[in-house]
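Dear colleague,

Please find below the structure that I am handing over to you, together with its sequence. My notes on what was found in it follow directly after.

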Amino acid sequence: MQSGLGKPSIAAITGAARGGGMSVAITCDIILAADTATFGYPELDIGLLPAIHYTHLPRIVGRYRAFELLFTGRSFDAAEAVSLGLVTRHVPEAELLAEARRMAAVFAAKSPELMRLGKAAFMRAIDNGYRQGAAGAVDTVSTVFGTEACREGLAAFVEKRKPVWKPA
């Protein structure tokens with residue numbers, strides 16, 4: 001995914017990044033996390049699929065780790081996210097915004113034209129069918145929204161109860 005106008009984007013994560021939070025973070029070029037941040041993919045527990053993550057996560061962490069994270073929904077800390085390659089680095093929470101600003105200043109000191117051209121070339125080089133995979137993820141999510149499992153999972157989430165899954 002390419003963030004806007006060739007300018008680098010930096011995610012600074014504190015607290016829990018789940019579902020949509022993970023989806024927003026992966027659109028950024030750099031992901032910094034507070035040492036207190038946690039991550040996870042709990043969508044299956046509430047009747048959804050983290051389909052866009054099926055496209056990018058195996059490329060980052062490998063097939064088997066991605067499967068485990070996506071299908072168990074377990075939470076993991078910032079140190080593990082760094083070791084998996086999901087996060088650029090983790091820093092003490094009190095230093096997170098200062099570190100993000102420091103990194104932004106480094107990028108801002110570069111030629112905007114060269115940053116734009118360089119980022120475009122970088123994104124083309126790493127695409128490796130990502131756009132095709134993302135399109136497939138959109139189709140999958142569209143299908144999921146029409147399922148009984150999705151309706152039940154979301155209702156259970158809102159009602160703060162365990163979902164009752166019907167056999168397939």
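I begin with one residue: Tyr-54 is partly exposed, as its relative accessible area is 28%. Please keep in mind that this is a predicted model.

**Aromatic residues**

Tyr-54 belongs to a wider arrangement, since Tyr-54, Phe-67 and Phe-71 form one aromatic cluster. The structure holds three aromatic pairs. In the pair of Tyr-54 and Phe-71, the ring centres are 5.7 Å apart and the planes stand at 5°, so this pair is stacked. Tyr-54 lies in helix H2 (residues 51-61), while Phe-71 lies in helix H3 (residues 63-72), so the pair ties together parts that are 17 residues apart in sequence. Like Tyr-54, Phe-71 has an intermediate class: with a relative accessible area of 40%, Phe-71 is partly exposed.

Another pair is made by Phe-67 and Phe-71, whose ring centres are 4.1 Å apart and whose planes are at 15°, so this pair is stacked as well. Phe-67 and Phe-71 are four residues apart in helix H3, and therefore about one helical turn separates them. Is Phe-67 buried or exposed? Its relative accessibility is 52%, so Phe-67 counts as exposed, because the cut-off for that class is over 50%.

**The sheet S1-S3-S6**

Strands of a sheet pair through backbone hydrogen bonds, in either a parallel or an antiparallel sense. In this model, three strands form an open sheet in the order S1-S3-S6, and their pairing is parallel. Strands S1 and S6 (89-91) are the edge strands, each pairing on one side only. From one strand to the next, the twist averages 25°.

Strand S1 (residues 10-13) and strand S3 (residues 30-34) are joined in the parallel sense over four bridges, and Ala-11 stands opposite Ile-31 in S3. On its other side, S3 pairs with S6, again in the parallel sense, over three bridges. There, Ala-34 has Val-91 in S6 as its bridge partner.

In a regular strand the side chains alternate between the two faces of the sheet. S1 can be read in this way: Ala-11 and Ile-13 make up its covered face, whereas Ile-10 and Ala-12 make up its uncovered face.

**The sheet S2-S4-S5**

Another open sheet of three strands has the order S2-S4-S5, and its pairing is mixed. Strand S2 (16-18) and strand S5 (76-77) stand at the edges with a single partner strand each, so one side of each is left without a neighbour in the sheet. S2 pairs with strand S4 (residues 38-40) in the parallel sense over three bridges. Within this pairing, Thr-38 in S4 is the bridge partner of Ala-16.

**The cavity**

How many cavities of 30 Å³ or more are there? The count comes to one. The largest cavity holds about 40 Å³ of space. Its lining consists of Met-22, Ala-25, Ile-26, Ile-31, Phe-39 and Leu-86. By class, this lining has six nonpolar residues, with no polar and no charged ones. Ile-31 thus appears in two places in these notes: in the lining of the cavity and opposite Ala-11 in the pairing of S1 with S3.

Yours sincerely

Key. Residues are numbered from 1 along each chain as its sequence is written. This is a predicted model: local features need pLDDT of at least 70, side-chain atom pairs count only at pLDDT 80 or more; totals for chains, interfaces and linings use all residues. Side-chain values use heavy atoms; hydrogens and water are left out. Buried means under 20% relative accessible area, exposed over 50%, partly exposed in between (1.4 Å probe, protein chains only). Two strands pair if DSSP finds at least two bridges between them. On a 1 Å grid over the protein atoms alone, a cavity is a set of points where a 1.4 Å probe fits but cannot get out, and a pocket is an open set with protein on both sides within 12 Å along at least five of seven lines; lining residues have an atom within 4 Å of a point. Grid points are joined across faces, edges and corners, and a volume is the space filled by probe spheres set on the points. Ala, Val, Leu, Ile, Met, Phe, Trp, Tyr, Cys and Pro count as nonpolar, Asp, Glu, Lys and Arg as charged, and the others, Gly among them, as polar. Axes are lines fitted to C-alpha atoms, for helices over the stretch in contact, and angles run from 0 to 180 degrees between N-to-C directions. Rings of Phe, Tyr and Trp (its six-membered ring) pair if their centres lie within 6.5 Å; planes under 30 degrees apart count as stacked, over 60 as edge-to-face and the rest as tilted.
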